[in-house]
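Welcome! Let us take a walk through this structure together, one piece at a time.

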Amino acid sequence: MRKRSGGAWRLISLGIALVLAAAHAPAAESKVKMLMAGLNFDHFSRTVVWDGDTGPSRLQASLVSARTDFGFGKGLTLSLSAGLSLTDFEGLAFGTLPIPLAYDASPIKGLVLGAELEALLLKYGDFEIKAAGRFVSSFGMSRTWPLEGFAVVGEAKGRSNWMEASAGPRLAYLLSDAFVPYLEVNARWLRADFRMEETLEDLQGHEKKLVKGDLSFSVALGGDTRVSDRLTIKAKAGLVPYAGGADVLASVGLLYMF
Amino acid sequence: MKLPAKRSVKAIPAILVLLVVGLGTTDGGWVRQTKRGDRLSRRPARILRVERPALRRGPRYAADRVLVRFKPAVADAYAEGLLRSYGFSSVRKIPRIGVYSVRTSPGASVAETLAMLRRNADIEQARPDYRARLADTPNDTFFIQYQYNLRNRGIVLDISDDIQPQTTAGADIKATPAWDAAKGDPEVVIAILDSGVDRTHPDLAAKVISPGRDFANDDEDATDDHWHGTHVAGVAAADSNNAEGIAGVAWNCKILPVKVAGADGTGFYSWIIDGIIWAADQGADVINLSLGGDFDDPFLEDACKYAFDRGVVVVASAGNDYGGPVLYPAAYDSYVLAVAATDYNDEPADFSSSGPQVDVAAPGVYILGPAPQWYVGEAYLPYLFASGTSQAAPHVSGMAALIKSLKPELKTADVMRIIRYTADDVNASVDRGRDDHIGYGRINMEKALVPYILK
């Protein structure tokens, strides 16, 4: 049986602890007017050109995280999340290693931390405009591959991190207490790195691939659905257009109000 | 010939030993001339040059497109409707073979799309739209028929009426897939320390960067008055894809001729020492020494170290004395790659010297290479078949030049390690692992230059 990553379990424990701590916090005594906690699933793809590459390749990430929303009144909400990520790097090539490598393996696991801030800017009738900003960072776990077919024993070891920051306005239509649809336009900034080390006996090399800061814009439609007095589903789907195509983003969360 | 005083002094401690230059006149070396218009085929010349785009960087297949074929019983209208029902934004049929090219839904990966399509019982095959590259097979006249050393498809090597060995497919250095990744940088120079180079040869004229240096006659003209150096230079870096003659291992790399052997095919250690230092000072990236002597000499070793310390990969032939020890300078293990020879069946050549210093092997039996026209005679094409570790070494020099072209930042020792560790252990059935006959094995350019796929 494969050994489970201690780091992953620590982070999950941290997420659960975060939620429980939030749930037991003396909300009435603090400035927190509303408290929600639950699970979130996010998926996004980004077509990027890594430094040194001649063509684009796609980075895809799926995240599962524990999330806690703190409402401070006057439309100000802070959301914190922690969980796991799976990131796929289709066709990424490491051409400057002593033996060049190309990535065609399954997604790499990582630990993810995120924060989101939402503030009400304007309310007009049944419409309101909010400003929303989000920061997510994934810390990839190290992964090792044996290098086979060579005259000596070898292995490659890779680790990847990425972070995405997004910000923009959100136009919501206050249709009812049960459902609030919205349109969101975001500027999205992505930074990613992938460090690969290679060892064949005394032949060693490493290469760090970088996306220093890829800026894109997304358009998304979403909605907050109040399933019951306590349960809310938050869902969102959108496109990130680029020349010749579009990447996607999707998010769904189930939150319990305390 | 009188040596200048300075060189005479250096020559004394360097032992006045006539070198056993691997000229094909040694025990195991053979030379076979090729009669003009006789055996060598004359294929129509083409003027297409392969302009290669960037290396294999980026995805191996389209990130937003897959190819699908339905089972024969499925009607076109149904097939197209089904594909559109998946939400594919673009569906295009290639009617002659009944294949659909479809653009995947935004955000869906190729793997997800293929998995989804393969679950449908009406679909016969769903495959990625793989990226192809221009085929980097050179159009040189003799490449397909005679250069088994670069790509061996199991041909009969039709050398003469009495020499027609059957070769084994795959017993080669995997040059063609490696050329997809690198054909060499014209700035990378291979110094050929030998009997000189025929700069007028049609397969070399465009590759030789200067008249070079002649340490045998102490002048600035390293013209070949033998044939050996011309042949060796061609194996390493003949003008390739020029619809003429042969292909060299390092298509685009240049040649620096350095004459360290006289017309009789021998030379003094002092000439070689001077040649190594001069070539290193001239900025050569690789030094090929298809020669060797029986005697260990600290000055010769110092010269090799001098080149090594300046980032030059020094390659030398192990020697053509089966059962005999590795010659010098090939035996200077720390600074020089010692190259043994294999044949067209990936068997160790029956003339190749052996010893613990042997690093790798390369094809060295019936290797076709250029030769001076005056040497072969007007009745013959200016090419000949030769055998010896002299012919094996320039394969390794060419490979080193390609690695340095692709990764100029690599240290010399790392280039040497790459060449060793990517070799194929072709005699593993009798001698597993590194051995004294072929070292780590017969070189494999593909493993060294084409990306290894991490699964």
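Across which strands of chain B does helix 3 lie? Before the answer, please keep in mind that this is a predicted model. Helix 3, covering residues 110–118 of chain B, lies across strand 2 and strand 5 of chain B. Relative to strand 5 of chain B, helix 3 runs at about 170°.

Those strands are part of a sheet, so a word on sheets helps: strands of a sheet pair through backbone hydrogen bonds, either parallel or antiparallel. Here, in chain B, you can find an open sheet of four strands in the order 3-4-2-5, and the pairing is antiparallel. Strand 3 (90–94) and strand 5 (123–130) of chain B form the edges, each pairing on one side only. From one strand to the next, the twist averages 25°.

Now look inside the sheet. Strand 2 (residues 61–70) and strand 4 (residues 99–103) of chain B run antiparallel and are joined by five bridges. To follow one pairing by eye, start at B:Arg65, whose bridge partner in strand 4 of chain B is B:Arg103.

Next, move along to a pair of helices. Helix 7 (residues 269–281) and helix 8 (residues 298–309) of chain B pack with their axes 9 Å apart, at an angle of about 10°. Angles under 35 degrees count as roughly parallel, and therefore helix 7 and helix 8 of chain B are roughly parallel to each other. Where they meet, helix 7 of chain B contributes residues including B:Tyr269, B:Ile273 and B:Ala280, while helix 8 of chain B brings, among them, B:Phe299, B:Cys304 and B:Tyr306. By class, this contact has twelve nonpolar residues, with no polar and no charged ones.

Notes. Residues numbered from 1 in each chain as written. Chains lettered and ligands numbered in written order. Predicted model: local features only at pLDDT ≥ 70, side-chain atom pairs only at ≥ 80, totals over all residues. Axes fitted to C-alpha atoms, helices over the stretch in contact; angles between N-to-C directions. Helix = DSSP H or I, 4+ residues; strand = E, 2+ residues; numbered from the N terminus. Parallel < 35°, antiparallel > 145°, perpendicular 65-115°, else oblique. Contact = placed C-beta atoms within 7 Å. Nonpolar A, V, L, I, M, F, W, Y, C, P; charged D, E, K, R; others polar. Pairing = 2+ DSSP bridges.
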